[in-house]
Structures are given as C-alpha cells and as structure tokens.
Amino acid sequence: MLKCRTVWKKLAPLARSSSTLCRQNVKRTGLNNGRIPTCVPAANMSTGPGGLGGDNLKYTIMVGAACVGSLTYAYFLLKGDQKRYQERIEEITTRSQRSSKEEAATVQSEPPAVEATQTEAVPESVPEAAPSPEEPSPPAAPAEEPAAPAEAAAPSETTAPPPADEPVVEAPPEEAATPVAAPVVEEEPAAAAETPTAEPPEPQPEVVAESAADSTPASLKVPSHSPYLLIGGGTASFAAARSIRARDPGARVLIVTDEPDLPYMRPPLSKELWFSDDPSVTETLRFKQWNGKERSIYFQPPSFYINSEELASAENGGVAVLTGKKVVHMDVRGNKVKLDDDTEISYDKCLIATGGVPRNLQVIERAGEEVMKKTTLFRKIEDFKSLDNVSRNAKSITIIGGGFLGSELACALGRRSTESGLEVIQMFPEKGNMGKVLPEYLSNWTTEKVKREGVKVIAEALVKSVTCKDDKLEIHLKDGRLVKTDHIVAAVGLEPNVDLAKSAGLEVDSDFGGYRVNAELQARSNIWVAGDAACFYDIRLGRRRVEHHDHAVVSGRLAGENMTGASKPYWHQSMFWSDLGPDVGYEAIGIVDSSLPTVGVFAKATAKDTPKAATEKSGTGIRSESETEDTATSPVASVTPLPPVAHKDDYGKGVIFYLRDKVVVGIILWNVFNRMPIARKIIKDGEEHADLNEVAKLFNIHED
Amino acid sequence: MSYCRQEGKDRIIFVTKEDHDTPSNAELIADDPNDPYEEQGLILPNGDINWNCPCLGGMASGPCGSQFKEAFSCFHYSKEEVKGSECIDNFRNMQECMQRYPELYPQEEDKESSSQGESSSGSDSAAPSDNSALISESDSTPAAASSDSTSPTDSQIAS
C-alpha cells in the first residue's frame, strides 16, 4: 500500500493534468467525475487501518496496474519517439515536404506504439486527451480537435483520416513524451482492443491508403511495376492512355505527374475560363463550349481513374494517376524509373510526355525576389487562379510577349478592364501581335484589333531592366521608355523539359530543343516521347517541335498506338487555332512562320464574317466539333460590329498560304471555319501549285 | 475584280465572289483508302471496329471499356434480322457497369450503342463532351474531297 502511494505520488501531476484535460471533453465528463474524485481519496484511504477492505483492494489493484502499464508505455514510447524522430529528421532532409508520404511513415510507426500497450487498464481519461497535448503544435490542433470528438473511442486512431493521424504522431517527437504518455495510454487501451487485432503492421498502409484514396485520387502506395508507364500528366499523356486502353484490352496504365491535378486541357486557361460569368470559376474550372454546354477542363472526372494500388489487381486494368511525384532518374537498361521519394517503378513501355516549363526573361530573374513575386509565368491551373486573383486586385498588369499566349491573355484581361478599370499593357519586341506567325500586314491589322479590346500595346519593346519601387514595378525599356505596373505576366516561350535525358541517355535536339525522336515518336526501344517535349521527324514537313494542344492529342494518340504495336509515323497533321476577341479568329495547320513567303487570298468581307457569327450560325459543323477542341467564343459580345466593308485593306476573311520552295507547308484559315480537312489535304499532297488563287477556290471563302 | 498587291515577300490577293465562281483547276492527289498511315474512321478497311476512333470518345477506354467493346462488337457482327437482338446480355452488362459510374456516364437516356458511339446520348454526357475534347479531325476526313478511286497513288511527291 505504501508502494502504491509513492507510485501514485509520482504520477499525481500526470493524473492531475490528464484529469484537467479530460474535463475539457464534454462527452466523457460523467466518467471523469466518477473516476477522478475517487482516486484522490484512494491515496489517503490506502494508509488507513483497513478501510473498505475488498473494494479497496480491487481498486488498488486496478490503479496499480494502470500505473505500471503507463510507466511501461511511457518507456516504450520514449524509445520509439527517439527512433522516429531520427527517422523523421532523415526523411525531411532527403526529400521535400509532402504530408501524404509522412502519413505512410508515421502511421506505420503507429503499430509499434499500439502493440506496446498491452494493458487492460480502464481508461482514466479519454481518447480525446491525446489531441490536446498537440496544442503546442499549431498545425495539428485545429484539425485534430474537431475530428477527435467525433471519433469517440474505438478504431478511431489508426483509421482516422490521415491528416488526423499525422498530427497525433508528429507531436510526440516534438515535445517531451511524459505529458503525452498518460493520456495516450488511456487512449491506447480504448483503441487497443480493436487495433492490434485489426491492424497488424502490414495492412496498416493499406488501411490508411484506403481512407486516403477515398478523399483524394492520389494514393500513398507506389506500385512497383506498371506495364505502361507515362511520365507526365498532361494532354499528350492522357491521349496516349486512352489510345493504349482502346487498343490493348485490359491494359494497365500508370501516369506519374508532379502536378497535384489530374490531366486537364490548357487552352481554356487563357481563353474560355476568362469569359465565364461564374464567380466561382477558379474553383469549378468549368467553361461553356460553343454549343452552350458546360464542361470541366479536366478530361475525365476522378471516377474514371483507378487507384494505383488497384492497378495490378484490377480485372480489366485501368488508368491510374500518381500525382505530386516527379521522376528524377531513368534507368533504360533496367527498364525502370526512380521517383523523387526514392521509390522505383519498372515498366515494359514508357512514354515521356513531360511538356515544358515557361521561360522567363533574364532581366526579371536577375531583378530579385520582389520582382519575382509580382511576376506570373503562366501555364498551370494554379497560375490561372493566381492571375485571376491579381486581376481583381491590381490596377495595372503588363504582359510581356506577343505570341499566342500573350495575346490571348491580353485580350482576356482587356475584356476585364472594361468592367474593372484595370489597365492592361502588352509589350513585345516584334512590330505587331503574332509577329512571328502572321505576315506583317496581318500582324499590324491584328494589333489594331487587340488595341480595340482595351489593351495598351507597346510594340518593338525590349526590356532592359525591371525594378520594384514603392510596391510598384518599373519596367525600363531599351529605347528609354518607362512603364509602371503592378504585376507582370511573362509569356515568352516554353522551355521543353528534358531533365531525364542525361540519366536515360536520350538525345536532345539542339535546334528545336526537346527529346529527339524518329517519325514514329520513338526515342529508344521502349521509350516514346510525345507532346511539347518531342522533337520529331515529320515525313512531310521535316524535323520540328510543336507546342499546340491538337499536336499533343495527335502525338499522344500516335505514341499510344505505337506503344501497342502499331508502328505508324506522324502523318495526320495537327492544327491549332486562336481567337483574339470576337472579331479575329483563325485556324492554322503546318509550318506557319512569318519569315516564309506567303500568299494571302482574301474575300471582300462583310459583317457576318467573325468567329462569333460563325459559331452562332452554323449548327453542328462548328469548327470546334470537327477539330480538336471545343472553344467558346465570347458569349458576351459588347464590341463594335465590323463595318460593312468595301475597304481594300480590310482582311475580313481569307486563306494564307506559307510557301517553302514553292510548296505549301502551312495554311492559315482566317475567319474561315470548318475547312481544315481541305487544308490538311493540300499540305499532305506537298505539290507545287502554279496559281494559288486556284487552290484558294477550294476553300469557298465567300460562303459561310 | 480581283486585286493583287505585293508587300515584300508577301503577296495579297483580294477576290470577289464572282472571281471564285469558276471551279478550281488545282489538282489534288487522290487518296488511297487503304493507306495504313492515315487516320481511320470508325470501321477499319478490313471490317473491324477501330476502337481508337476519336468518335468513340472514352467509351472503349474507360472503366466500362471492356463491356462496351463486347456489346458493340456483338452488335457490329450481328447477322440477325433485328441487328443486335442477341446482344441484349452484353448491353445489359454494359449498362450495369455504366450505372456504377454516373459521373462518367450520366443516366438520362438509354445507353443503347448506335453505330456512332458518341451520339447515343444526346444530353450533356461525359462521352461527347470529352470526345470532342480529344477528337481530332479524323472523323471528318472521310468526308473530305477525295474520290473513291482505288489507284494506289500514295506516292510521295518530292517536295
């Protein structure tokens, strides 16, 4: 009895703290009140001359067992904590912070803790006590407190949603274990009954993975082998996945992407999403197509994909996406890749569709942190969200770059400027918008149209330096002009991602950049490359690298076909399109480079000839349905109508041929839609035509 | 009257409707329908179904892909008087599978597969909308100006 008392005295502070914590919990108050008061008198009574006899003895035994158990647990916990702490430090230093991975590590260390408690001591306090010591660790607490009461006793702990798990285990390494010990002890027995039996170490990751999988499409467990491995989760990759699944029944396809999102399409990010009336568009990412129907930018909803753990066992195979993982090393001899968390995946056939990273101006990179913070390199969903946010708050945005992306963003923001008073400036070194694509006369005409969209266009502008002054950016141009603005969007090109070239031993093209592949998109025996990153041999037009959406689809599909044994070269010519406001829209195919000689055949235009009119008039034959993409031209048309033209220099609609050695290698259909098949045919033929006016007749440009 | 101008290397021609009334004398090379390189339509030259046709959208590649392929193959090769009448079970399997993924296959209408897979459900379903997202122009190529001549003139003209 005396021993009991001394032991009890040792644990008194713990008991007191735990009882205070317990009282905070509403649910268990009854139990607490019943229990705690009796503990204190028990200490006194134990030295009494005999006391209550049997009851007292029973009680003493229980309390003694609890104390012994808690001491044992505390000891094991401290040991485990130290070990875990060391492991954690190692983990943190070797890889970037990703909580999903930590869950696997931390939850796997749970079982040792669970098994350590073999006590049957009745819980003095409650499971919810455990979260409370984590108040010192701020990130954990808010998530845990509301979660914990809801879970009550049972298997809560280890099957709790991973974010809840993580803080529980993260806390111990951070603080002294003692305060945690007693409450955790009490928590363990409650869970102990079910957890040791239900969750031995091995199924543990699966349990967590299941709950993780329910909440997110990403899963924790990385499969060790996948017959088809697609590196990169963009348009080309998705097109290849679809192609593989269509041709190889039951194929198992694994997509590995370093983005957190499932595969999505990019064109709406700089076009349709900006024209949406929905204020929550940055969350929903839905846009209206030409036919009024809405769709998401994601190619497929999450239910289309299966979890990576199920990939090996799924009866009919499927497509699994592993988000947030980057492939850092490729072993071609061993047919395997290594991810940034050191896991390895072996493959039978691999596709590299890593796309690219937006280029930045050297002057901006050198300008320092302040300037970089106010600069957007536009490519992904998060860039769209952040630019949307900026456009609502800033007074002035400058877009550097006069190509497709720059001009489309300028027009989209220009439209916003009419409502909000936002100043939109676009600057570029060429003489006019799309200066590298359109012949000069057309580029000038387009620039005028862009200006009408509310954009201040500064042509022939070379940026010399950028500084940040008084929270505003100052752009100094080489010719002395100064532009003051709040935010910069740099749309100056794409750097293809060839990080794996070195480890894989793949050739990189010096002229165009990207991985060098043959006409069948193959780099080496089991490796194909598609999309923006592929510098391929086009049988008709020669070696090139194309950065357009339709090309990603076509090349992805072709790569998928070749991965399933087709051996087809790049033959179906991809196209691209752009809309610059409601008046200017064009589709193009082939090599469209303004340095080539061109022949343009234009119709005397009428007010009917605009993309807006084209979409409204024609029914199913809208170019967006016959071409790759559904494009919503602006539903909100508040622009000045095209004057009925007889003016000689108005380029309302027509066809422009780009020639190389007298052969047509590129065609632009200017405000003329649904004629792409004819254009494709002309390029495929590769003939020398004496009179291009005759060829232009094939397009019927005067009709709608 | 057409009007022509030259600006440096670029030539600009303005034409009226009348100018373009006369048929073109530009020559196009006849297409070979059996060209293995070309994108095929829904039905391949040997009579098989082209599961990779963009017109099918994601039907053959999604979670219910195998059921769809069975049902549609059965229908395609069916020689019954009422085409596809013996394929009811396959279609039922397909429908059951699709009901498990309402997000992918919205259930407004009966999912009977027609010869054009994507036109089966007219409403806002995932298949047509995602189909049009990935559809390239191959399905409109058969309609392109090409004669049905079988001359194997797929010769590559030197460019």
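## After helix α24 of chain A

Helix α24(A) is followed by A:Gly686, whose phi is positive, near 65 degrees. The model is a predicted one. The helix itself spans residues 676-685 of chain A, and 9 of its 10 residues are buried, so the rest of the structure largely encloses it.

The buried residues of α24(A) start with A:Met676 and A:Pro677. A:Ala679, A:Arg680 and A:Lys681 are also on the list. So are A:Ile682, A:Ile683, A:Lys684 and A:Asp685. Charged side chains are therefore found here along with nonpolar ones: A:Lys684 and A:Ile683 are both buried in α24(A).

## What covers the helix

Several elements of chain A take part in covering the buried residues of α24(A). Among them are two helices, α21 (549-563) and α25 (692-697). Strands β24 (575-580), β25 (584-590) and β28 (663-670) are also included.

One of these covering strands, β25(A), is mostly covered in turn: 7 of its 7 residues are buried.

## The strands around β25 of chain A

Strand β25(A) pairs with β24(A) and with β28(A). With β24(A), the two strands run antiparallel and are joined by 6 bridges. Here A:Met575 stands opposite A:Ile589 of β25(A). The two strands form a hairpin, with 3 residues between them. In the turn, A:Gly581 has a positive phi of about 80 degrees.

The pairing of β25(A) with β28(A) is also antiparallel, over 5 bridges. In this pair, A:Gly590 stands opposite A:Gly666 of β28(A).

## Chain B in outline

Chain B has 159 residues, and 45% of them are buried. Its elements are 3 helices and 2 strands. Read from the N terminus, they run β-β-α-α-α.

Contacts in chain B can also be sorted by distance along the sequence. Of those with a separation of 6 or more, 40% are between residues 24 or more positions apart.

## Where the two chains meet

How many residues of chain B are in contact with chain A? The count is 64 residues of chain B, in contact with 77 residues of chain A. Together the chains bury about 6100 Å² between them. Carbon and sulfur atoms hold 51% of that area.

The interface has 5 salt bridges. A:Lys684 of helix α24(A), one of the helix's buried residues, forms a salt bridge with B:Asp31. Their closest N and O atoms are 2.9 Å apart. Polar contacts across the interface link 29 residue pairs.

On the chain B side, β1 (3-7), β2 (10-15), α1 (65-77) and α3 (126-134) each supply at least two residues. Strand β2(B) gives the largest share, 6 residues. By type, the residues on this side divide into 25 nonpolar, 22 polar and 17 charged.

## A strand pair across the chains

Which strand of chain A is joined to β2(B)? Strand β26 (residues 598-603) of chain A is, through 5 bridges. The two strands run parallel. In this pairing, A:Phe602 stands opposite B:Phe14 of β2(B).

Strand β2(B) thus appears twice in the account of the interface. It gives the largest share of the residues of chain B that touch chain A, and it is joined to β26(A) by bridges.

Technical notes: Residues are numbered from 1 along each chain as its sequence is written. Chains are lettered from A and ligands numbered from 1 in the order in which they are written. This is a predicted model: local features need pLDDT of at least 70, side-chain atom pairs count only at pLDDT 80 or more; totals for chains, interfaces and linings use all residues. Side-chain values use heavy atoms; hydrogens and water are left out. Buried means under 20% relative accessible area, exposed over 50%, partly exposed in between (1.4 Å probe, protein chains only). Helices (H or I, at least four residues) and strands (E, at least two) are DSSP runs, numbered from the N terminus. Contact means heavy atoms within 4.5 Å. Buried area is the accessible area (1.4 Å probe) that two parts lose on being put together, summed over both. A salt bridge is a side-chain nitrogen of Lys or Arg within 4 Å of a carboxyl oxygen of Asp or Glu. A polar contact is a pair of N or O atoms within 3.5 Å; within protein, one must be able to donate a hydrogen and the other to accept it, and residues adjacent in sequence count only if both atoms are side-chain atoms. Two strands pair if DSSP finds at least two bridges between them.
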